[in-house]
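Let's take a walk through a protein model together. Keep the 3D view open and click on each residue as we get to it.

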Amino acid sequence: LICCVFLTNVAWSQDLYVGSGAAITTLPGSVLFVGSNTSIDAAASLTTTSDATARGSFIVSGTTTGNITYKRYITDTDWHVVSAPVTDQSIPTFVGVAGNGVAISSTTSSHAVSYYKNTNTAGNRWTYHNAAPDSEKENQETLVDFNTGQGYSMKRTAAGGAGDYTFTGTMANDDVSVTIPTITTAGTHLWSAIGNPFPSFLTVSEISAANPNALHAGAFAYLYVWNGTSYAPESLTSSLQLAPGQAFMVRARSNGLSFVFSKILQKHNSGAATFYKPSTATPTISVHLTNGTLNKATNLEFLDSATAGLDVGYDAGAYQDGTPSFSINTHLVSDSQGIDFTRQSLPISSLDSEVAIPLSINAGIDEEVTFRVDTNNVPDGVSVYLEDTLNNTF
């Protein structure tokens, strides 16, 4: 019997067998749950899809045999950090599928699929798939399969526009463990790109709590999600959910640790996938920097519980691959250790007094830059000034 079934908000509580010629598709925002085991015939298909506002999800309590497909919708032709929600997907096969629209460099012939190799020199750590890599280029390799739980920086062509990345492979039947950093040669650059390995959602606070000794415990105790402009820090206690195929940056406590994505923590989420906190009444100040092409920002928030020093879980150090060519951050008002912070929390009482907050800026020599300040929920009567300490001007 050949059939096609499209599922919306359906939960299964028994074994699921998809026979030869059959096709099951879970629509964006819909869910498919199997309480026991799943078997998919080689001549059948089980596909979970997403679109610009919602992601479908698929959870199996037991084991799954046979291939599944997940279609991860990409909204534009910018870079995105993505993880494969299946195992054993071939990268050469993936980039060869026209519908995936993977961009190719006209100068190096490298494909816009790259993993983060922390042992490379700064600026060359994203290492790209190339069928004939230049042996003198440390950031070119012939990649084989997507590694489960690893994050990849990827980009679609302008001609392809928005569309799906289609991943086909087996489903992870057990917990997925990823080494961070992914390359364990001794060094001090302890950043890694990792991501959700399941075709379902994971809550940030739950996966963080399951890995209490893996991530940095101080200024970098966050998940860093690329927002199109910078890596935005997400608190480890956040209740937000990471969609299937969502990857992020983390900084390990030390070399060669394991970060485990636990199968039991999978969730369904029929709403839109978002990675940012809703607006609140918290007073905030954002300082923006632009050179006419690039735009960067650093954020200050004022809380009753904050101090002028390091507040773990509130002050977020900036992800940096070496010294950035263009950036704006702050240093802590008290007991600065020279760390650039993309977000800093200060006592709300600071708004009633004069506080000098050091800015850390990287730009080109003789490069003209423009500053802009945005305030939100800052009380009337509070003024924000930018001081040039060299020229003693405001």
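Is Glu 206 buried, partly exposed or exposed? Glu 206 is partly exposed, because its relative accessible area is 28% and the partly exposed class lies between 20% and 50%. Before we go further, keep in mind that this is a predicted model.

**Charged partners**

Glu 206 is a good place to start, since it forms a salt bridge with Lys 267. Their closest N and O atoms are 2.6 Å apart. Side chains of opposite charge can pair when their charged atoms come close. This pair links distant parts of the chain: Glu 206 sits in helix H2 (residues 204-209), while Lys 267 is in the loop between S24 and strand S25 (284-290). In sequence they are 61 residues apart. Lys 267 is partly exposed too, at 27% relative accessibility.

The structure holds four salt bridges in total, and the table shows some of them.

| Salt bridge | Closest N and O atoms |
|---|---|
| Arg 125 and Asp 321 | 2.2 Å |
| Glu 206 and Lys 267 | 2.6 Å |
| Arg 372 and Asp 374 | 3.0 Å |

Take a look at the Arg 125 pair. Here 196 residues separate the partners in sequence. You'll find Arg 125 in the loop between S12 and strand S13 (126-129), and Asp 321 in the loop between S27 and S28. Arg 125 counts as buried because its relative accessible area is 9%, under the 20% cut-off. As for the Arg 372 bridge, both ends are partly exposed: Arg 372 has a relative accessibility of 44%, and Asp 374 has 31%.

**Rings meeting rings**

Now for the aromatics. There are 17 aromatic pairs in the structure. One of them joins Trp 226 and Tyr 231, with ring centres 4.9 Å apart and planes at 55° to each other, a tilted arrangement. Trp 226 is partly exposed at 27% relative accessible area, whereas Tyr 231 is buried at 13%.

Tyr 231 also pairs with Tyr 319. What kind of pair do Tyr 231 and Tyr 319 make? The centres are 4.9 Å apart and the planes stand at 70°, so this pair is edge-to-face; the cut-off for that label is over 60 degrees. These two also come from distant parts of the chain, 88 residues apart: Tyr 231 belongs to strand S21 (residues 231-235), and Tyr 319 to the loop between strand S27 (316-317) and strand S28 (327-330). Both Tyr 231 and Tyr 319 are buried.

Zoom out and you'll see that these rings have company. One aromatic cluster includes Trp 226, Tyr 231 and Tyr 319, along with Tyr 116, Trp 126, Trp 191, Phe 220, Tyr 222 and Tyr 224.

**Inside and on the surface**

Next, the nonpolar side chains. The largest nonpolar core has 31 residues, and the ones with the most contacts inside it are Leu 46, Phe 146, Met 154 and Phe 167. Among the elements giving two or more residues to this core are helix H1 (91-96), strand S12 (111-116), strand S15 (151-154) and strand S16 (163-169). Apart from this core lies another one, with 23 residues, including Ala 172, Ile 194, Leu 236 and Leu 242.

Click on Met 154 to see its surroundings. Leaving aside neighbours within four places in sequence, its contacts include Trp 79, Phe 94, Val 113, Phe 146, Tyr 165 and Phe 167.

Nonpolar residues turn up on the surface as well. Leu 359, Ile 361, Phe 371 and Leu 386 make a nonpolar surface patch of about 290 Å². Of these, Ile 361 lies in strand S30 (residues 359-362) and is partly exposed, at 37%.

**Backbone oddities**

Finally, check the backbone. A cis peptide bond joins Ile 180 and Pro 181, with omega about -10°. Pro 181 is in the loop between strand S17 (176-180) and strand S18 (191-195).

Which way does phi point, positive or negative, at Asp 88? Phi is positive there, about 50°, although Asp 88 is not a glycine. Asp 88 lies in the loop between strand S11 (80-83) and H1. Asn 377 is another non-glycine residue with a positive phi, about 60°, and its place is in the segment after strand S31 (370-376).

Methods
Residues numbered from 1 in each chain as written. Predicted model: local features only at pLDDT ≥ 70, side-chain atom pairs only at ≥ 80, totals over all residues. Heavy atoms only, no water. Phe/Tyr/Trp six-rings, centres within 6.5 Å; stacked < 30°, edge-to-face > 60°. Buried < 20%, exposed > 50% of the residue type's maximum accessible area, 1.4 Å probe, protein only. Helix = DSSP H or I, 4+ residues; strand = E, 2+ residues; numbered from the N terminus. Patch = residues over 30% accessible without salt bridge, like charges linked within 9 Å, V, L, I, M, F, W, Y side chains within 5 Å. Areas by Shrake-Rupley, 256 points an atom, 1.4 Å probe, with all protein chains shown as cover. Salt bridge = Lys/Arg side-chain N within 4 Å of Asp/Glu carboxyl O. Core = buried A, V, L, I, M, F, W, Y, C linked by side-chain atoms within 4.5 Å. Contact = heavy atoms within 4.5 Å.
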